[in-house]
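Biologist: Could you take me through the aromatic rings and one acidic residue in this structure?

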Amino acid sequence: MIFDTHTHYDDAVFDEDREEIIKKIREENVGAVMCVGASIESSAAAVKIAESHENMFAAVGVHPDEVGGLEERGIEAISSLLTSNKVRSIGEIGLDYFEHEKGERTEEVKALQRKWFDEQLKLAVKEGLPIIVHSRDAAKDTWDILEARHFPRGVIHCYSYSPEMAVEYVKKGYYLGFGGAITFKNAKKNVESVAAVGIDHILLETDCPYMAPVPVRGTRNYSGNLKYVVEKLSEILSISVEEVEAKTYENALKLFGNM
């Protein structure tokens, strides 16, 4: 069975067929799913979806691109969602310094991201919850902030840094999330990172509806596509598909608790 540890089934692209997709993945060897928030609103939606479906769970948190609105509502808005027993993580939280359509990454913007990353880390430590970390073009600052908080349990979502840093994260007890990007032609660093850390430190994730793997790249992603990621990991690590599924499922249970 497969555990998809990072999904966004609250996304509007699933509005017309969300229930059909969730039913479909049950028939495609997906045994558990983590619905991950990126804003207060999407976190609330993730909790609602998780509460409405067996073997679906939620992470609540604010993505670095969305932290501007937290100045008004603060950490209490996230804390208010923690009453549900379906919430198993704080995420996705972190830093994103990549220059794109979200706006220029000024020092002011970066400082705001760092502030709210740290505030959400403090909440995770207080509540004893693991974290789901988004880190893009911000390797050093991410590491330094996690180190300052003594590396609370967690996973580096959509891992994209060097294999050397992957090994350092694993030494701190972290898991690394890999999804569709591992199947891309330009995935050399990802492949090297997988080989460097081994199956005991890897989680499966789609980040759906984004990051669909080859051979369905460019389409709306969903948990059923993780079979292609499993096959790629099996190839890289020279182990069976069954072992990839079993070990990554076990890893997810170790991080997020008994489901």
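Modeller: The exchange below covers ring pairs, charges over rings and a glutamate. This is a predicted model, with local features needing pLDDT of at least 70, side-chain atom pairs counting only at pLDDT 80 or more, and totals for chains, interfaces and linings using all residues. Residues are numbered from 1 along each chain as its sequence is written, and side-chain values use heavy atoms, leaving out hydrogens and water.

Biologist: How many aromatic pairs does the structure hold?

Modeller: There are 9 aromatic pairs (Phe, Tyr or six-membered Trp rings with centres within 6.5 Å; planes under 30 degrees apart are stacked, over 60 edge-to-face, the rest tilted). One of them joins Phe151 and Tyr174 edge-to-face, at 5.9 Å centre to centre and 85° between the planes.

Biologist: Are Phe151 and Tyr174 buried or exposed?

Modeller: Both Phe151 and Tyr174 are buried (under 20% relative accessible area with a 1.4 Å probe, protein chains only; exposed is over 50%, partly exposed in between). Trp143 and Tyr169 join these two residues in one aromatic cluster.

Biologist: Which charged end sits over the ring of Phe184?

Modeller: That of Arg217, 3.6 Å from the ring centre (the criterion is NZ of Lys or CZ of Arg within 6 Å of the centre and within 35 degrees of the ring normal). Likewise, Lys110 lies over the face of Tyr97, 4.8 Å from the ring centre.

Biologist: Turning to Glu205, which side chain of opposite charge is nearest?

Modeller: Arg136, 12 Å away (Lys and Arg count as positive, Asp and Glu as negative; His and chain ends are not counted). Glu205 is buried yet has no salt bridge (a Lys or Arg side-chain nitrogen within 4 Å of an Asp or Glu carboxyl oxygen). A polar atom of the Glu205 side chain lies 2.6 Å from the backbone nitrogen of Cys158.

Technical notes. A polar contact is a pair of N or O atoms within 3.5 Å; within protein, one must be able to donate a hydrogen and the other to accept it, and residues adjacent in sequence count only if both atoms are side-chain atoms.
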